[in-house]
Each structure stands twice: as C-alpha cells, then as structure tokens.
Amino acid sequence: MAQLTEKELFETAPVPRAVATLAIPTVISQVVTMIYNLADTFFIGQTGDPSMVAAVSLVSPWFNLLTALGNLFGLGGGSLISRMLGMGREREVRYVSAFSIWAGAAATACFALGSWLAREPLLAFLGASADNYRYAQDYLLWVVGLGGVPTVVSLALGHLLRSEGHARQASAGMMFGGILNVVLDPILIFGLHLDVAGAAIATALSNAASVVFFAAQYVRLRGRTACSFRLNDFSFRFVGPISSVGLASALATTLGNASNMVMIHLASGYGDIPVAAYGIVKRIDQFPLNVSMGLCQGFMPLVGYNYAARNYARMRAVSYFSWKAALLFSACCVACFFALAPQILHLFIPEAETSALGAAFLRIACLAVPLTAVNFLISYTLQAMGKGVQSAVLTSCRQGVLNIPLLLILNSIVGLYGMIWVQLVVEVIMLPVSLGMYRATFRHLPAADPDARTKI
C-alpha cells in the first residue's frame with residue numbers, strides 16, 4: 001500500500017485508513033508501555049512477597065503523576081501544533097515545541113526534587129507500612145527522583161512527533177523503552193539481586209534510552225518536521241493555548257491518580273494483601289484503557305487538524321469510527337477478564353490469598369471498562385478541538401466530584417469491596433453528562449468555511 005503524505009493523511013485518506021495509520025502504532029506503543037508497567041509488578045510478584053508488590057503499588061500512582069506532566073506539556077503542545085498545521089501556521093510550531101520540552105523538563109525537575117525531599121510524609125500518606133517502607137523509598141528514588149525528567153521528556157517528544165503525523169516514529173520510541181525495561185527487569189531484580197530497586201532502575205534507564213531514541217528520530221526527520229528544541233526558540237507566547245488543553249489532560253491523570261492514592265490508602269487499612277491485590281488488578285485493568293488511550297492519542301491530530309481547517313464532517317467521522325472500535329475492543333476485554341480472572345491473577349502472583357482476592361476485584365473492576373473508554377474518547381475529542389475547559393469540567397466531575405467522595409462513602413458503608421464498585425458507578429453517572437457536553441459542543445460549531453481560520 002502506498003505511503004500517505006502528511007497532507008493526504010489529514011485531508012483526503014479514507015477515515016478508517018487515516019485513523020489506523022496514526023492509531024495502530026500509537027496503540028501498539030501504549031500496549032508496550034503497559035507491558036513494561038506490568039513488568040515491574042510481574043517480576044516483583046515472582047518473589048512471592050506481598051510487601052514488595054505493595055511497595056510498587058503504593059508508589060505507582062505518584063509515579064504516574066509524571067504522565068500528567070508529560071500530557072500537560074506534550075499533549076497540550078501537540079494539540080496546538082496539529083491545529084496550527086491545519087491553519088497553515090507552520091513557522092510558529094518551533095515556539096510551541098521548544099516551550100513544551102524545556103518547560104516540561106524544568107517543572108519535572110522541581111516535582112522530582114520536592115518528592116524526594118518530602119519522601120517521609122509522602123510515603124506515609126500513600127500508606128507505606130513498616131514492612132514495605134524501605135522498598136517503597138527505593139522505588140520512589142529511582143522512578144521519580146532520578147528518572148522523572150527523562151520520563152516526562154520522552155512522553156512529550158512522542159506527543160509532539162505524533163502531532164505532525166509521525167506516529168510510527170513516536171510509537172517506536174515508546175516501544176524501544178518498554179522492551180528495554182522488560183529485558184532489564186529480570187537482570188537487575190534476580191541477576192543482581194536488587195529486588196524493588198532493580199525494577200525501578202530498569203524503568204529509569206529505559207525512559208532515558210527513549211529520550212536518546214527520540215532525539216535521533218528528530219535528527220533523521222530534519223526538513224520534515226517544523227518542531228525545534230533550541231533554547232533560542234523558547235517563548236512564553238503560547239502558554240495559554242498549550243495550558244488550556246494540557247491542563248485538562250493533566251487534570252485527568254492527576255485526579256485519576258489521586259483517586260488511586262485514596263483507594264490504596266484506604267485499602268492499606270486492611271493489610272498488605274489487599275493493597276497488593278488491588279495494585280495488580282489496576283495494572284491489568286489498564287490494558288483496555290491503554291488501548292483506548294492509544295486510539296485517542298492517534299486520532300487527536302486528525303480531529304485537531306480538521307477542526308482548524310473547518311472540515312467538520314471529516315472530524316465527526318473520525319470520532320464516530322474511533323468510538324465503535326474502542327467499544328468493540330473493550331467488550332472483548334471484559335469477557336476475557338471475567339472468564340479468566342483467577343488464571344490471570346495467579347500468573348502475576350502465585351501466593352494464593354492475594355491471587356484469589358485479586359480475581360474477585362478484577363471481575364468487578366472490568367465492568368466499567370467500556371463506559372470509561374467512551375468517556376475517554378469524548379474528553380480527548382474536546383481536547384483536540386482546543387476545548388480544554390469543557391474537557392476539564394468532565395474530568396473534574398468524574399475523578400474529583402464523584403470518585404473520591406464515593407470511595408470514602410462506600411468504604412465506610414460496604415467496606416473493601418464497596419471501593420471496587422466505585423468506578424462503574426461513576427462511569428454510569430457520567431456517560432449521559434459526557435454525551436450531552438459532546439452534542440452541545442458540536443451543535444454550536446460555526447458553518448464550515450474553507451477560507452476561514454479557526455481561532456486558537
């Protein structure tokens with residue numbers, strides 16, 4: 001099949017092919033990213049020590065806040081770049097890309113330093129116990145303290161590449177780091193007997209390697225990319241439009257991880273085994289959500305470009321096709337998880353009590369996946385259009401207004417299992433709200449005008 005040019009990809013290629021061209025590499029990279037996130041839990045789980053698994057589970061939500069920073073600067077900048085390309089403003093892309101990388105690196109350095117300096121109260125808040133504190137501290141040091149900056153920079157570089165239609169190169173960078181992490185984990189954990197610290201070092205090194213890979217890709221694409229990472233091009237002139245979208249995505253990740261922290265903190269009151277079981281289930285449950293996220297990140301450049309070019313019919317077609325694909329895949333995952341939950345959990349930790357509890361958790365948690373996928377897709381569509389406020393409102397309602405209070409309420413009324421049902425309850429409540437916001441946004445679109453220019 002002939003290679004599509006960037007212009008053909010964004011403007012004239014059949015919608016299924018255009019979405020597949022950008023989304024398939026992105027989905028693959030998300031799956032690989034999920035696998036290397038699972039790798040730490042999987043290999044640590046093979047030790048049969050719930051305290052080690054609990055330590056990784058405790059720190060993971062805080063580590064995942066780095067994704068919020070990567071989305072703030074990378075996804076926010078990438079969305080703006082796609083819209084600039086749709087309006088023919090290629091020369092201004094260099095300011096957006098330079099700001100996204102350098103501001104992202106600086107903000108992450110501050111976050112990493114603050115996390116390490118405040119490690120004692122932070123780990124206490126996350127629910128660390130006397131049995132797992134040392135392991136949790138080792139994991140925090142390497143994945144956040146020392147590995148935070150390369151993690152965020154690699155995420156941002158991938159988003160910026162994808163925004164110009166270079167999805168394969170963006171995905172290859174994420175896959176490279178993920179595969180390296182899977183290779184390094186058993187070597188450092190078992191070969192060098194570094195336990196939890198070995199898993200964390202593998203994660204930090206793999207993200208640093210991804211940054212090097214992305215740098216090489218930008219050198220190869222010289223002349224085919226409008227992005228620039230020179231400090232001379234650093235400018236605050238587009239902080240507003242970058243932040244308006246980036247903050248919505250960062251808010252989604254931050255509140256999602258805040259909910260996980262609250263959940264794990266509450267679960268820690270029941271002992272290390274529920275924490276370990278929930279941590280494993282959360283990683284497994286991320287598989288269909290990561291695929292949906294890859295689909296979202298793949299179609300965002302198409303939505304943003306065509307929104308800016310006022311080709312609303314194509315923009316709608318991209319959204320609807322993506323929804324159908326996400327729902328079909330999510331339904332298949334629910335069936336698989338429900339049928340094979342005990343076998344899947346035993347694969348991750350052979351310890352009987354943790355495995356049995358995790359299987360029960362997984363069968364409940366997976367029911368929310370299709371609804372979560374739809375809510376994700378609506379939020380990302382709004383972000384691609386530059387509708388950061390609307391997306392932020394939906395996210396705040398899902399993860400802040402509803403999720404955290406319901407966790408506290410159902411834990412006090414029902415107990416441990418009540419917290420596992422919370423996500424499904426939230427998604428059921430939010431689905432009509434999200435659909436209503438989506439329809440209202442599309443209803444107020446101006447008439448298509450190929451000569452007009454949409455305001456950023």
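Modeller: The expected span of a helix is 1.5 Å times one less than its number of residues. This model is predicted, and the spans come from its atoms.

Biologist: Take helix α7, residues 148–163. How does its reach from first C-alpha to last compare with the span expected?

Modeller: α7 has 16 residues. At 1.5 Å a residue, 22 Å is expected. The model gives 23 Å, close to that value.

Biologist: How many residues of α7 are buried?

Modeller: The count is 15 of 16, and α7 is mostly covered. Buried means under 20% relative accessible area. After α7 comes Gly165, with a positive phi near 95°.

Biologist: Which residues other than glycine have a positive phi?

Modeller: Asp195 is one of them, with phi near 55°. Arg310 is another, with phi near 65°. Most residues other than glycine have a negative phi.

Biologist: Where are Asp195 and Arg310 found?

Modeller: Asp195 sits in helix α9. Arg310 is in the loop between α11 and α12 (312–348).

Biologist: Why is Arg310 called buried or exposed?

Modeller: The cut-off for buried is under 20%. Arg310 has a relative accessible area of 17%, so it is buried. Asp195 has 28%, so it counts as partly exposed.

Biologist: Now the charges. What makes Glu92 and Arg89 a salt bridge?

Modeller: A side-chain nitrogen of Lys or Arg must lie within 4 Å of a carboxyl oxygen of Asp or Glu. The closest N and O atoms of Arg89 and Glu92 are 2.5 Å apart, so the pair qualifies. Arg89 is partly exposed, at 29% relative accessible area.

Biologist: What is the N to O distance between Arg237 and Glu92?

Modeller: That distance is 3.7 Å. The limit is 4 Å, so the two side chains form a salt bridge. This pair links distant parts of the chain, 145 residues apart. Arg237 is in the loop between α9 (195–220) and α10 (239–267). Glu92 is in the loop between α3 (50–86) and α4 (93–117). Arg237 has 49% relative accessibility, and exposed means over 50%, so Arg237 counts as partly exposed.

Biologist: How do you know that Arg94 and Asp233 meet in a salt bridge?

Modeller: Their N to O distance is 3.5 Å, which falls within 4 Å. This pair also links distant parts of the chain, with Arg94 in helix α4 and Asp233 in the loop between α9 and α10. The two are 139 residues apart. Arg94 is partly exposed, at 28%. Asp233 is at 5%, so it is buried.

Biologist: Which residues are joined into one network by salt bridges that share partners?

Modeller: Arg89, Glu92 and Arg237 make up that network. The structure holds four salt bridges.

Biologist: On to sulfur. How many disulfides does the rule give?

Modeller: The count is zero. A disulfide needs two cysteine sulfur atoms within 2.5 Å. For Cys336, the nearest cysteine sulfur is that of Cys333, 7.0 Å away, so Cys336 is in no disulfide. Cys336 is partly exposed, at 36%.

Biologist: Why is the sulfur of Cys366 in no bond with the closest cysteine sulfur?

Modeller: The closest cysteine sulfur is in Cys333, 9.4 Å from that of Cys366, and this is too far for a bond. Cys366 itself is buried, at 0% relative accessible area.

Biologist: Why does Cys296 count as buried?

Modeller: Cys296 has 0% relative accessibility, and the cut-off is under 20%, so it is buried. Cys296 belongs to helix α11 (residues 272–308).

Biologist: Which residues is Cys296 in contact with, leaving aside neighbours within four places in sequence?

Modeller: Phe376, Leu377 and Tyr380 are the contacts. The C-alpha atom of Cys296 is also 9.0 Å from that of Val27, which lies 269 residues away along the chain.

Biologist: Last, the surface. Which residues make the nonpolar surface patch?

Modeller: The patch is made by Phe338, Leu367, Tyr417, Trp421, Val425 and Ile429. Its area is about 510 Å².

Biologist: What makes Trp421 eligible for such a patch?

Modeller: Patch residues need over 30% relative accessible area and no salt bridge. Trp421 has 38%, so it passes the area cut-off and counts as partly exposed. Trp421 lies in the loop between α16 (416–420) and α17 (422–443).

Key. Residues are numbered from 1 along each chain as its sequence is written. This is a predicted model: local features need pLDDT of at least 70, side-chain atom pairs count only at pLDDT 80 or more; totals for chains, interfaces and linings use all residues. Side-chain values use heavy atoms; hydrogens and water are left out. Patches are made of residues with over 30% relative accessible area and no salt bridge: like charges are joined within 9 Å, nonpolar side chains (Val, Leu, Ile, Met, Phe, Trp, Tyr) within 5 Å. Accessible areas come from the Shrake-Rupley method with a 1.4 Å probe; for residues, only the protein chains shown count as cover. Helices (H or I, at least four residues) and strands (E, at least two) are DSSP runs, numbered from the N terminus. Buried means under 20% relative accessible area, exposed over 50%, partly exposed in between (1.4 Å probe, protein chains only). Contact means heavy atoms within 4.5 Å.
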